[in-house]
Amino acid sequence: MNKPGKIGFVSLGCPKALVDSERILTQLKLDGYALTNSYDGADLVVVNTCGFIDSAKAESLAAIGEALHANGRVIVTGCLGAQAETIREAHPNVLHISGPQQYEAVVAAVHEHVPLTATPDPRIDLVPAQGIKLTPRHYAYLKISEGCNHHCSFCIIPSMRGKLVSRPLSEIMGEAERLVAAGVRELLVISQDTSAYGSDLKTRTSFWQGRPLHASFAGLCAALGELGVWVRLHYVYPYPHVDDVLPLMADGKILPYLDIPFQHGSPRILKLMRRPAAAENTLERIRRWREVCPELVLRSTFIVGFPGETDADFRTLLDFLSAAELDRVGCFQYSPVAGAAANRLPDPVPAAIMQARYAEFMIVQQAISRRRLQRQVGRRLSVLIDRLEDQAAVGRSYADAPEIDGLVYVKPKTRLAPGELVEVTIDSSDDYDLHGRID
Ligand code: SF4
C-alpha cells in the first residue's frame, strides 16, 4: 500500500485560531493524511497565523520563514492570510494563502499540492469522535460562533472574520457531549462575543436529546450547565441579559467566572473605542452580579495609551479598577493595527507616557489581585490537575482559566494525575498563584 501524504502543522494565535487548527487537522486526518509535528519528512507544512497586532504579525511571518527554511513547501492560513500581499512580499514562495475559517480552501490546497495516493484504511486511520484536539485531554475550547457584529475602532477582526454567525445550539451540544464522553472535564466557551450568541439566529429552536433548545446566551449556558463538567465563559460583554446566567453560576451549574474585556474605564475613551455595552453602568452591574453570586471571579483586559487618552481619562480608569476590584487583569499598551479605524484618531499618546501609565496601572491592579487572591486562603477549592512537577501537582480552581490566569500548587502530588478533580485546602497565596494541600 502507498504511504499517505504527511502534513506538518504550526498553530499560532488565540484559542479561536487553535479551534480552527483542530478543525483543519481533523479534516486532513479524515481524508487520509498522516500528521506530524516535525518539519522533517513532512510533504508540506501548514502554518495557521495570527494577524491581530504587529508583534503577532511579525511572529507569524517568522514562523512562515522558519517552515520555508526547514521544509520548503508551505501553505499559509488564518488571520494574517487576510493580508496575502504582506505574506507574499516577505515570502513569495508560499504555495497557497487563505484567510481565517477558510477550512475548505486550506484542505483543498493540501490535496492539490500533496495528492493522496492511498485511500484511508478505516481500521488504521481512526479519528476520535471528538475530532483532533490540540489541548490536553481534560479540557477543550468550544467555539460557539464565528465573526462579530461590533466595530471596535482598534480591531480589524470583523473585516477578517465577517459578521456574527452562531452555530445551532443542538450542534454545539452534540460537540460538547462528544468531548465530555472523551474525558474532557472543562469546556472553555469561546467566540468573539459570547454574550451575543444566538442574536443572529433570532433564538431559533433546535433539538437535542428530543428537547427543544433556544439559541440564546442564557439557553446556551443552561444547556451546557447540564453536562456536569466545568463550563467557563470567555469574551462576554456586560449587557443586561448577562444577568440571567448569574443564577446558574450561584447554583453551581456553570463556573462563577466571567472573562469580560472591558478595555477601559473612561466613558469617553470607551466611546472612541466603540466598545459594545459602553453605555451600561458597569460598576453597578458588577455589584449586582456579586450580590447574586458572591464567588464570582472576574477577569479582564485593558488598553492604556489609546489615542486621545488624557491624564483625566487615565485617572478615571484607575478609579474604575479600584471600584471594580477585578480578580485577574491583563494590560496592554496601545499598538496600532494596520487597517483599524483608531489609526485615524488624533492625539496619539507619547510612548514614555504610555509606559508610565502602564507601570502605574500594574501597581494598582497587582495590589487588588493579590488581595482578592488572599480571600481564597483557608478555603477548600476543587482543583483540576493539569500536570505534575518535581515538588507538586499543578492545577487550577474555578478562578483560573488555562494559560491566562494563575495556578494552584498542590501537595502531596502522590497518587495525582492530570485530569483529576480534587478537593484542596488553600494554605497560602502569592501575587498570582495559590498553594494548598490534600488532607
Ligand atoms: S467585539 Fe470588538 S474587539 Fe472583539 S472582535 Fe468584535 S470588533 Fe473586535
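This is a short talk on the strands, pockets and ligand site of one predicted model.

Okay, thanks everyone. Please keep in mind that what you see on the screen is a predicted model. I'll start with the sheets, then go to the empty spaces and the ligand, and finish with a few backbone oddities.

So, the open sheet. It has five strands in the order 2-1-3-4-5, and the pairing is parallel. Which strands stand at the edges? Those are strand 2, residues 34-36, and strand 5, residues 96-97. Each has a single partner strand, so one side of each is left without a neighbour in the sheet. If you want to find your way in, look at strand 1, residues 6-11, which runs parallel to strand 2 and is joined to it by three bridges. A handy marker there is Ile 7, which stands opposite Leu 35 in strand 2.

Now the barrel. Five strands close up in the order 16-17-18-20-19, and here the pairing is mixed. From one strand to the next, the twist averages 50°. Notice that strand 20 comes before strand 19 in that order. Those two, strand 19 at residues 421-429 and strand 20 at residues 434-437, pair in the antiparallel sense over four bridges. Look for Ser 429, with Leu 434 of strand 20 opposite.

There's also a hairpin to point out. Strand 10, residues 205-208, and strand 11, residues 211-214, are antiparallel, with four bridges between them. Trp 208 faces Arg 211 across the pair, in the sense that the two stand opposite each other. Two residues separate the strands, and Gln 209 in the turn has a positive phi of about 50°.

On to the spaces. The largest pocket holds about 1400 Å³. It has 48 lining residues, and the ones nearest its centre are Cys 14, Lys 16, Phe 52, Tyr 235 and Phe 332. Which elements supply at least two residues each to that lining? You get helix 1 (15-31), strand 6 (139-143), helix 5 (157-161), strand 9 (186-190), strand 14 (297-304) and strand 15 (328-333). In terms of chemistry, the lining splits into 31 nonpolar, eleven polar and six charged residues.

Where does the ligand sit? In that largest pocket. Around the ligand you'll find three cysteines, Cys 148, Cys 152 and Cys 155, along with His 150, Phe 154, Ile 157, Pro 158, Gln 192, Tyr 237 and Arg 275. By class, that shell has seven nonpolar residues, two polar ones and one charged one.

The second largest pocket comes in at about 590 Å³. It is lined by 23 residues, and closest to its centre are Val 19, Arg 23, Arg 167, Glu 171 and Glu 175. Two or more lining residues come from each of helix 1, helix 4 (103-113), strand 7 (145-146), strand 8 (165-166) and helix 6 (169-181). Which of them gives the most? Helix 1, with six residues. The class count here reads seven nonpolar, six polar and ten charged.

How about cavities? Rolling a probe the size of a water molecule over the atoms shows where empty space is left. Across the whole structure, the search finds three cavities of 30 Å³ or more. The largest cavity is about 80 Å³. Its lining consists of Val 297, Asp 327, Arg 328, Ser 369, Arg 372, Leu 373, Gln 376, Ala 399 and Asp 431. Helix 12, residues 351-374, gives the most to this lining, with three residues. By class, that's three nonpolar, two polar and four charged.

Last bit, the backbone. Most residues other than glycine have a negative phi, and most peptide bonds are trans. With that in mind, have a look at Lys 411 and Pro 412, which are joined by a cis peptide bond with omega at about -15°. Pro 412 is in the loop between strand 18 (408-411) and strand 19. The other one is Arg 274, with phi near 55°, a positive value in a residue other than glycine. You'll find Arg 274 in the loop between helix 9 (267-273) and helix 10 (282-292).

That's my tour, thanks for listening.

Note on methods: Residues numbered from 1 in each chain as written. Predicted model: local features only at pLDDT ≥ 70, side-chain atom pairs only at ≥ 80, totals over all residues. Heavy atoms only, no water. Near = heavy atom within 4 Å. 1 Å grid on protein atoms, 1.4 Å probe; cavity = no way out; pocket = protein on both sides within 12 Å on 5 of 7 lines; lining within 4 Å. Sits in = over half its atoms within 2 Å of the grid points. Nonpolar A, V, L, I, M, F, W, Y, C, P; charged D, E, K, R; others polar. Pairing = 2+ DSSP bridges. Axes fitted to C-alpha atoms, helices over the stretch in contact; angles between N-to-C directions. Points joined across faces, edges and corners; volume = space filled by probe spheres on them.
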